[in-house]
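Subject: Handover of a structure and its findings

Dear colleague,

Please find the sequence and the structure below. I should be grateful if you would keep them open while you read the notes that follow.

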Amino acid sequence: ARTGFLVFRVDPALRRDVQRIADEEQRTITQICEMLLYEGVEAYKKDGPKFIQRLVAKQKLRTK
C-alpha cells in the first residue's frame, strides 16, 4: 500500500513532457514519476554527490 505523498511544483513544460511519456507508455503520471525518481535515487546511491554534480552541470547548460 502506498502511504506517502510527495508534492512539489514543476515547470509546465516539464509536466507536459511527463504527461506525454505517461500517455505513450499507457501509464499514469504518478507511475512515471515514481519510476524516474526511483532510478535517480538508485543512481545517487551508486555515484553519490558526483551524480548531483552532473545534474547541476546539465541544468546550468539548459538555462544558458
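Which residue forms a salt bridge with Asp47, and how far apart are the closest N and O atoms? The partner is Arg54, and the closest N and O atoms lie 2.8 Å apart. Please bear in mind throughout that this is a predicted model. Asp47 has a relative accessible area of 28%, so the residue counts as partly exposed. Arg54 is also partly exposed, because its relative accessibility is 40%.

**The chain as a whole**

The chain has three helices and zero strands. Read along the sequence, this gives the pattern α-α-α. Helix H1 covers residues 12-25, helix H2 covers residues 29-47, and helix H3 covers residues 49-63.

The radius of gyration of the chain is 14 Å, whereas a compact globule of 64 residues would have a value near 11 Å. The C-alpha trace spans about 30 × 30 × 20 Å along its principal axes. Of the 64 residues, 9% count as buried. The area that the chain exposes is about 6200 Å², and carbon and sulfur atoms supply 57% of that area.

The chain carries 14 positive and 9 negative charges, and the mean positions of the two groups are 8 Å apart.

**The salt bridges**

A search of the whole structure finds three salt bridges. The bridge between Asp47 and Arg54 has been described above; the others are as follows.

- Glu24 pairs with Arg20, with 3.1 Å between the closest N and O atoms. The two residues are about one helical turn apart, because they are separated by four residues in helix H1. Glu24 has a relative accessible area of 54%, so this residue is exposed. Arg20 has 41%, so this residue is partly exposed.
- Glu42 pairs with Lys45, with 3.3 Å between the closest N and O atoms. Both residues lie in helix H2, three residues apart, which is about one turn of the helix. Glu42 is partly exposed because its relative accessible area is 29%. Lys45, at 61% relative accessibility, counts as exposed.

**The surface patch and the segment before H1**

Leu6, Phe8, Val10, Leu14 and Leu37 make a nonpolar surface patch of about 480 Å². One of these residues, Leu14, is placed in helix H1. Leu14 has a relative accessible area of 45%, so it is partly exposed. A residue enters such a patch if it has over 30% relative accessible area and no salt bridge.

Asp11 is found in the segment before H1. Its relative accessibility is 48%, and it therefore counts as partly exposed. In sequence, Asp11 and Leu55 are 44 residues apart; in space, their C-alpha atoms are 17 Å apart.

**The loop between H1 and H2**

Where does Gln26 lie in the chain? Gln26 is placed in the loop between H1 and H2. The phi angle of Gln26 is near 55 degrees, which is a positive value in a residue other than glycine. Gln26 is exposed, because its relative accessible area is 74%.

**Two residues of helix H3**

Is Phe51 buried or exposed? Phe51 lies in helix H3 and has a relative accessibility of 16%, so it counts as buried. The cut-off behind this reasoning is that buried means under 20% relative accessible area. Phe51 and Thr3 are 48 residues apart in sequence, and the distance between their C-alpha atoms is 28 Å.

Ile52 is also found in helix H3. At 39% relative accessibility, however, Ile52 counts as partly exposed. Along the chain, Ile52 and Leu36 are 16 residues apart, and their C-alpha atoms are separated by 15 Å.

**Where to begin**

When you open the structure, you may wish to start with the pair Asp47 and Arg54, and then turn to the nonpolar patch that includes Leu14 and Leu37. Gln26, with its positive phi value, may be taken after that.

Yours sincerely,
A colleague

Methods: Residues numbered from 1 in each chain as written. Predicted model: local features only at pLDDT ≥ 70, side-chain atom pairs only at ≥ 80, totals over all residues. Heavy atoms only, no water. Patch = residues over 30% accessible without salt bridge, like charges linked within 9 Å, V, L, I, M, F, W, Y side chains within 5 Å. Areas by Shrake-Rupley, 256 points an atom, 1.4 Å probe, with all protein chains shown as cover. Salt bridge = Lys/Arg side-chain N within 4 Å of Asp/Glu carboxyl O. Buried < 20%, exposed > 50% of the residue type's maximum accessible area, 1.4 Å probe, protein only. Rg over C-alpha atoms; globule rule 2.2 N^0.38 Å. Lys, Arg positive; Asp, Glu negative; His and termini not counted. Charge placed at Lys NZ, Arg CZ, Asp CG, Glu CD.
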